[in-house]
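Please open the structure in your viewer and keep the selection panel at hand. We will go through it stop by stop, and at each stop you will be told what to select and what to look for.

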Amino acid sequence: MIKKTIGIKVLIFPLSVGFLIVFAILFIRPAFSDMMAARKSAKDGSQQLADLESRNAKLVAFKAKWESMEEKKIIEGALPGDQGVDDYMSELYSRVSRSGMLLNNFATQDSSYNSPYVCSVGVGTAAGGAAQSASGISPAVASPPSAVLSGTAPSAPALCANALDVTMSLNGTWEQLLSFLKYLGDTNRIANVKSVVVASGVGGQQGESNPDLLKVDLLVQVFYKPKSEASNLGTISSLTSGEGFDESVLEKIKGIVFTAYEEPSVSETGERNIFK
Amino acid sequence: MVSNINLVAPESEKKPLLTGKASLALSVSLIILALGVYGVASYLKWRYLSEKQNVEAQIQDEKSKMSGSNYAAVSDFQERMDILDKVIGDHTYWDAFLKDFSKYVLPEVRLTSLSWNENKNAMEVKGIAPNFDVLSREIILLQKFSGAGSVEFKSASEKAAGEDTQGGINFILSVKVDENTLSKGSL
């Protein structure tokens with residue numbers, strides 16, 4: 001009887017070892033792997049936080065740099081926040097006047113030209129989308145609709161701009177045309193020529209045919225992008241992962257906007273009026 | 001009365017390796033150890049999870065700083081630059097192109113119209129040449145123009161001279177425009 005009692009006591013040890021194994025499998029192992037997973041995710045989180053903190057520090061520096069940048073106005077002029085064409089028309093009209101051409105017609109409408117950087121049709125067709133035209137143009141005559149002036153431009157997805165087609169009809173000589181086209185390439189608001197039609201033998205103001213007078217129909221595409229109210233994380237991420245604002249783009253835009261005007265030198269090196 | 005009937009003397013009997021008490025103590029120790037390991041693992045897990053939650057809150061805070069209106073102007077500026085970078089890739093300089101093109105038009109040839117559309121990227125040139133010989137020389141000359149990808153003859157018809165109009169060969173040519181030449185400010 002005494003031996004049996006001792007045997008049961010001794011049996012407790014293998015039983016407890018068995019319990020330990022079961023306990024380890026059922027509780028300790030999952031708890032350990034959960035702990036390791038939590039440790040890894042905490043470590044990853046810390047790394048992500050450190051990365052974000054460094055990006056935020058970069059952003060603070062970029063913001064300070066941006067605030068002192070003079071190029072802000074150039075960029076806003078080249079790609080304004082709304083489609084309002086009054087400023088562009090004023091600039092264009094002064095260039096038409098300087099070149100000596102006569103602007104007969106000016107109209108805008110939503111762009112029909114698709115480019116990868118132009119928002120899909122429908123996004124930019126809200127306010128002021130209807131074509132507007134004016135004859136004997138002056139900035140006051142062809143003022144855009146009130147919706148445009150109030151700046152109620154439609155919102156656009158990131159990294160695409162809304163586009164407007166600006167059509168104009170002009171009369172002038174060959175030299176005046178070259179002069180105007182030179183000005184057109186350097187406007188503050190970036191305008192891309194989409195179609196050009198030049199024809200000779202146009203009737204003058206009194207109806208007589210003037211062999212020197214050319215009729216020019218131009219279609220240019222101008223762009224606008226509504227101002228973002230909140231940061232785009234993708235843009236911020238690409239900005240902070242690089243060295244900041246792309247100076248080469250700024251230089252290119254300044255190259256267009258600030259090109260010194262040179263009087264076209266017709267016929268000095270073989271060029272000539274091809275319509276004469 | 002002798003109760004012990006074993007032949008082996010009690011002194012010489014082998015003592016068991018694990019006595020009842022020792023076995024109990026060892027078992028209890030093992031269970032305490034197991035519970036301890038489990039407790040430590042659970043505590044560390046809780047601590048890491050709480051650390052993770054804390055870090056996640058900070059991450060959200062940093063993200064909200066980045067995505068809010070704080071840097072909206074900077075982000076907007078960068079977006080404008082990215083778009084403009086693509087837009088100016090299509091910027092063209094027609095004054096330089098036409099000036100260069102005019103060098104490849106013979107003095108005897110007079111153009112009556114010139115039209116270009118980006119979608120077709122071909123310039124349709126209509127003009128009058130005094131005769132077919134000049135017209136053929138004109139086509140050959142245009143083929144040497146670096147801004148022309150190709151020159152295609154469309155049609156030609158003889159036109160009699162009128163009172164005010166010049167007679168000759170009315171022709172239509174299609175000139176494929178080289179986009180690289182068009183995008184250069186000065187040729």
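Which domains does the domain assignment of chain A give? Keeping in mind that this is a predicted model, select residues 1–68 of chain A for domain 1, and then residues 77–257 of chain A for domain 2, as the assignment gives them. Give each domain its own colour.

Next, look at where these two domains touch: five residues of domain 1 of chain A are in contact with four residues of domain 2 of chain A. On the domain 1 side of this contact, the residues divide into two nonpolar and three charged, with no polar residue.

Now show chain A as a cartoon and follow it from its beginning, where you should be able to count seven helices and five strands in its secondary structure. Read along the sequence, these elements of chain A come in the pattern α-α-α-β-β-α-β-α-β-β-α-α. While the whole chain is selected, note that 33% of the 276 residues of chain A count as buried. Among the contacts in chain A with a separation of 6 or more, 84% are between residues 24 or more positions apart.

For the next stop, select helix α3 (residues 86–99) and helix α5 (residues 174–184) of chain A, whose axes lie 8 Å apart and make an angle of about 150 degrees. Angles over 145 degrees count as roughly antiparallel, and α3(A) and α5(A) are therefore roughly antiparallel to each other. The crossing in which α3(A) passes α5(A) is right-handed. To see which residues meet here, show the side chains of R95(A), V96(A), R98(A) and S99(A) in α3(A), and then those of Q176(A), S179(A), F180(A) and Y183(A) in α5(A). By class, the residues of this contact divide into three nonpolar, three polar and two charged.

Finally, bring chain B into view, and select the residues where the chains touch: 86 residues of chain A are in contact with 70 residues of chain B. On the chain A side, at least two residues each are supplied by α1 (2–67), α2 (71–78), α5, β4 (191–203), α6 (233–241) and α7 (247–257). Which of the elements gives the largest share of this side? Select α1(A), from which 33 residues of the side that touches chain B come, the largest share. If you then colour the chain A side by class, you should find 51 nonpolar, 18 polar and 17 charged residues.

Technical notes: Residues numbered from 1 in each chain as written. Chains lettered and ligands numbered in written order. Predicted model: local features only at pLDDT ≥ 70, side-chain atom pairs only at ≥ 80, totals over all residues. Domains from an automatic or database assignment. Contact = placed C-beta atoms within 7 Å. Nonpolar A, V, L, I, M, F, W, Y, C, P; charged D, E, K, R; others polar. Axes fitted to C-alpha atoms, helices over the stretch in contact; angles between N-to-C directions. Helix = DSSP H or I, 4+ residues; strand = E, 2+ residues; numbered from the N terminus. Parallel < 35°, antiparallel > 145°, perpendicular 65-115°, else oblique. Left-handed = near helix turned anticlockwise from the far one by under 90°. Buried ≥ 20, exposed ≤ 12 C-beta atoms within 10 Å, placed from the backbone.
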